[in-house]
Amino acid sequence: MQNAIITALAASAVLLLTGGCVTKLESDPGAPTGPPSATITVDEWQAAYDVAAATGKGTIRFNGQTRPFSITGVGAGGTGAQNIVASGKVFNLNSLTDFSGTYTGLRSGLTLIEGKMHEKLVNNKGVIIYLTGKTTGLSSSTGLDEVIE
């Protein structure tokens, strides 16, 4: 138990020092310009103890269509559990078939009851998602995510 507390405190200190690692759309010099191809909402649960697992659901709105999707994911780094409710912008999406796949991205954050999150995810077809949202729970997270839609 004491090791888990020390690990969580150390991870929290790292997060405070590296909080700028996660890319926001507004601060990403390589971000696409112009309007997004689509928008999404996400409701996801994450749990971690050095290895993170995630599950959830979401909705994408593209060319007048609304389609639900499910999320499963794995990651490296972090401790605790949290719920993420986020919305985002999707770029470089030409058809809904390009949306499916595995996305990778970096994450860092600290949730003590409530928190905020920003994440950039990219799939192998060049689709880019920028998410912004709120977190609830008790969690410190830093590492790499792979999210499968």
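Student: Among contacts in the protein between residues at least 6 apart in sequence, what percentage join residues at least 24 apart?
Tutor: The model is a predicted one. Here a contact means heavy atoms within 4.5 Å. Among such contacts between residues at least 6 apart in sequence, the share that joins residues at least 24 apart is 71%.

Student: In what order do the elements run from the N terminus on?
Tutor: The protein has 1 helix and 4 strands. Read from the N terminus on, the order is α-β-β-β-β.

Student: How many bridges join strand 1 to strand 2?
Tutor: Strand 1 covers residues 38-62 and runs antiparallel to strand 2. Within this pairing, Thr41 of strand 1 stands opposite Ser87 in strand 2. Two strands pair if there are at least two bridges between them. For strand 1 and strand 2 the number of bridges is 24.

Student: Which residue takes a positive phi in the hairpin of strand 1 and strand 2?
Tutor: That hairpin has 2 residues between the strands. The positive phi is near 50°, and the residue that takes it is Asn63.

Student: A search of the whole structure finds how many aromatic pairs?
Tutor: Rings pair if their centres lie within 6.5 Å. With the whole structure searched, the number of aromatic pairs is 3.

Student: What is the geometry of the pair formed by Phe91 and Tyr130?
Tutor: The ring centres of Phe91 and Tyr130 are 6.1 Å apart, and their planes meet at 80°. Planes over 60 degrees apart count as edge-to-face. The pair of Phe91 and Tyr130 is therefore edge-to-face.

Student: How many residues apart are Phe91 and Tyr130?
Tutor: Phe91 lies in strand 2 (residues 65-91), and Tyr130 lies in strand 4 (residues 128-148). The pair links distant parts of the chain, and the separation is 39 residues.

Student: Is Tyr130 buried or exposed?
Tutor: Buried means under 20% relative accessible area. Phe91, its ring partner, has a relative accessible area of 4% and is buried. Tyr130 has a relative accessibility of 4%, so Tyr130 counts as buried.

Student: What is the geometry of the pair formed by Phe99 and Tyr103?
Tutor: Phe99 is buried, at 1% relative accessible area, and Tyr103 is buried, at 3%. Their ring centres are 6.1 Å apart and the planes are at 55°. That angle is neither under 30 degrees nor over 60, so the pair of Phe99 and Tyr103 is tilted.

Student: Which residue do ring pairs link with Phe99 and Tyr103 into a cluster?
Tutor: Ring pairs link three residues here, among them Phe99 and Tyr103. The remaining member of the cluster is Phe69.

Conventions
Residues are numbered from 1 along each chain as its sequence is written. This is a predicted model: local features need pLDDT of at least 70, side-chain atom pairs count only at pLDDT 80 or more; totals for chains, interfaces and linings use all residues. Side-chain values use heavy atoms; hydrogens and water are left out. Rings of Phe, Tyr and Trp (its six-membered ring) pair if their centres lie within 6.5 Å; planes under 30 degrees apart count as stacked, over 60 as edge-to-face and the rest as tilted. Buried means under 20% relative accessible area, exposed over 50%, partly exposed in between (1.4 Å probe, protein chains only).
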